[in-house]
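Work through these short exercises with the model in view. Try each task before you read its solution.

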Amino acid sequence: MSVEENTGRRGIWGAITRWVASDEEVEAEELRDDAREAGCQPLADVQDRTTVRVRGVLQSVTLQPRMGTPALEADLYDGSGAVTLVWLGRRRIAGVSCGRRLVATGRVATLDGRRVMYNPRYELLPAGME
């Protein structure tokens, strides 16, 4: 496989950049590329109060009660930014765990300085995609 095939459209400079980049930078680039190829919007470009389809990896999953109601929260990172997915009334969802990749669709809002998406539709990606 040539350097061009291995690094996509970036050529030799892309290969050098990936060689000197940290593991986190390489992973972020791969996540951004995966999302773009799947037709999802980068979180860095998402405007508030818009319905979007995003794809990434779950960095944390926690149970955060809200006004006495259980709420499962999961931070989704796509390489360009993050959004907290919040499922109200849920204590757990099978397959939703740290490190899992998924696609989420819903309306993004900003609450207390962080981006959130309440009760998003989601699709767990196959284990081979992780």
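**Exercise 1.** Is Val52 buried or exposed?

Solution. Val52 has a relative accessible area of 6%. Buried means under 20%, exposed over 50%, and partly exposed in between (1.4 Å probe, protein chains only). Therefore Val52 is buried.

Two notes on the source. The model is predicted, so local features need pLDDT of at least 70 and side-chain atom pairs pLDDT 80 or more, while totals for chains, interfaces and linings use all residues. Residues are numbered from 1 along each chain as its sequence is written, and side-chain values use heavy atoms, without hydrogens and water.

**Exercise 2.** Place Val52 in its strand, then relate Val52 to Met117.

Solution. Step one: Val52 lies in β1, a strand being a DSSP run of E with at least two residues, numbered from the N terminus. Step two: Val52 and Met117 are 65 residues apart along the chain. Their C-alpha atoms are separated by 9.7 Å. Step three: look for contact (heavy atoms within 4.5 Å). Beyond four places in sequence, Val52 is in contact with residues including Gln41, Val46, Ala104 and Met117.

**Exercise 3.** Which residues touch the most other members of the largest nonpolar core?

Solution. Such a core joins buried Ala, Val, Leu, Ile, Met, Phe, Trp, Tyr and Cys residues through side-chain atoms within 4.5 Å. This one has 17 residues, and Leu76, Leu85 and Met117 touch the most other members. Two or more residues come from each of β1 (50–63), β2 (71–77), β3 (82–88) and β4. Met117 also touches Val83, Leu85 and Val108, among others.

Methods
Helices (H or I, at least four residues) and strands (E, at least two) are DSSP runs, numbered from the N terminus.
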